[in-house]
Amino acid sequence: MAAHGLRLHGFGFKILGLERVGHLLASADSAAWSSHARHRPALPGHTHKNCANCIDYALNWRQRVINAIPTHQQVMLTDRSAA
Ligand SMILES: [Zn+2]
């Protein structure tokens with residue numbers, strides 16, 4: 001579908017999926033970070049029960065995902081998010 005010029009979105013995409021086919025996606029989302037945070041104590045200095053809805057936790061998770069994606073694909077993802 002991507003080869004036909006369709007801009008694809010990956011719903012609930014895991015890191016492994018992004019590593020393999022992220023270069024074919026225009027965008028992707030996942031709630032994995034929120035689920036992960038829900039079962040752990042809040043980050044140090046955070047006053048809420050857990051970080052399931054926390055921007056700091058989400059941004060830390062985002063960086064982890066970016067670090068997991070091969071470098072040649074990170075450039076493409078960065079370019080798309082800046083548009
Ligand atoms: Zn938090």
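This passage describes the fold, the confidence and two local features of a predicted model of a protein chain.

The protein chain contains four helices and two strands, arranged along the sequence in the order β-α-β-α-α-α. It comprises 83 residues, of which 23% count as buried. The accessible surface amounts to about 6000 Å², and carbon and sulfur atoms account for 59% of this area. When contacts between residues at least 6 apart in sequence are considered, 29% of them connect residues at least 24 apart.

The mean pLDDT of the chain is 86, with 84% of the residues at 70 or more. Confidence varies among the elements: α2 has the highest mean pLDDT, 95, while the lowest, 55, belongs to helix α4, residues 71–82. Where pLDDT is low, predicted coordinates should not be read in detail. The local description below concerns α3 and the loop that precedes it, between α2 and α3.

Helix α3 covers residues 55–68. Its length was checked against the rise expected for a helix: at 1.5 Å a residue, the 14 residues of α3 should span 20 Å, and the end C-alpha atoms are 20 Å apart, so the two values agree. The buried residues of α3 are Y57, A58, W61 and V65. Viewed down the helix axis, these buried residues fall within an arc of 95°, and therefore line one face of α3. This face packs against two other helices, α1, residues 15–21, and α2. I55 and N67, on the other side of α3, are exposed.

The loop between α2, residues 32–38, and α3 includes N50. The relative accessibility of N50 is 18%; N50 counts as buried because this value is under the 20% cut-off. A polar atom of the N50 side chain lies 3.0 Å from the backbone nitrogen of A52. Beyond the neighbours within four places in sequence, N50 is in contact with A37, R38, R40 and A42. Of these partners, A37 and R38 fall within the residue range of α2.

In summary, the buried residues of α3 line one face of the helix and pack against α1 and α2, while the loop residue N50 is buried at 18% relative accessibility and has a side-chain polar atom 3.0 Å from the backbone nitrogen of A52.

Note on methods. Residues are numbered from 1 along each chain as its sequence is written. This is a predicted model: local features need pLDDT of at least 70, side-chain atom pairs count only at pLDDT 80 or more; totals for chains, interfaces and linings use all residues. Side-chain values use heavy atoms; hydrogens and water are left out. Buried means under 20% relative accessible area, exposed over 50%, partly exposed in between (1.4 Å probe, protein chains only). Contact means heavy atoms within 4.5 Å. Accessible areas come from the Shrake-Rupley method with a 1.4 Å probe; for residues, only the protein chains shown count as cover. A polar contact is a pair of N or O atoms within 3.5 Å; within protein, one must be able to donate a hydrogen and the other to accept it, and residues adjacent in sequence count only if both atoms are side-chain atoms. The expected span of a helix is 1.5 Å times one less than its number of residues. The arc is that of the directions from the helix axis to the C-beta atoms. pLDDT is the predictor's confidence in each residue, from 0 to 100.
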